[in-house]
Amino acid sequence: LGSHNFPPLSPTDEVLVFSNDSEIHKPFKVVALVTYDTRHGKWDSLEDRINPMKEKAREAGANAIILAPYRLATGSRVVHAEARAVRIE
């Protein structure tokens with residue numbers, strides 16, 4: 001993805017959540033792709049999926065994530081969620 005290196009954010013720093021690029025009204029840089037997978041047959045809430053991705057985004061120095069549609073593996077209860085971690089200027 002991006003070749004931008006930012007220092008990690010503090011665990012208490014806010015990470016904003018967006019569903020598409022057009023919701024962000026300032027310039028931003030893509031820092032990383034962050035993912036969440038559950039394989040234990042539990043249907044996680046949206047918050048349960050987003051929080052680990054926000055943690056990974058902070059580690060990458062991103063202050064927002066742009067969610068991609070989540071996928072359910074056919075014939076299973078495996079959920080894969082991903083987002084682009086971005087740094088809004």
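I began with helix 1 of this predicted model, and compared its length with expectation: at 1.5 Å a residue, the 14 residues from 46 to 59 should span 20 Å, and because I found the end C-alpha atoms 21 Å apart, the two values agree.

I then looked up which residues of helix 1 are buried, and listed Arg-49, Ile-50, Met-53, Lys-54, Ala-57 and Arg-58. These residues cover an arc of only 160 degrees around the axis, so they lie on the same side of helix 1. Following that side outward, I noted that the buried residues pack against strand 1 (16-18), strand 2 (28-38), strand 3 (64-67) and strand 5 (79-88). Just after helix 1, I recorded a positive phi of about 85 degrees at Gly-61.

Next I turned to the nonpolar cores. The largest has 13 residues, and those with the most contacts inside it are Val-34, Met-53, Ala-57, Ala-62, Ile-65, Ala-83 and Ala-85. Strand 2, helix 1 and strand 5 each supply at least two residues of this core, and its largest share, 4 residues, comes from strand 2.

I took Ile-65 as one member to follow in detail. Setting aside neighbours within four places in sequence, I found Ile-65 in contact with Val-15, Leu-16, Val-17 and Phe-18, with Val-34, with Ile-50, Met-53, Lys-54 and Ala-57, and with Ala-83, Arg-84 and Ala-85.

Apart from the largest core I noted another, of 6 residues, which includes Phe-18, Ala-64, Val-86 and Ile-88. As a general remark beside these entries, I wrote that nonpolar side chains tend to be buried together in soluble globular proteins.

Conventions: Residues numbered from 1 in each chain as written. Predicted model: local features only at pLDDT ≥ 70, side-chain atom pairs only at ≥ 80, totals over all residues. Heavy atoms only, no water. Expected span 1.5 Å × (residues − 1). Buried < 20%, exposed > 50% of the residue type's maximum accessible area, 1.4 Å probe, protein only. Arc of directions from axis to C-beta. Contact = heavy atoms within 4.5 Å. Core = buried A, V, L, I, M, F, W, Y, C linked by side-chain atoms within 4.5 Å.
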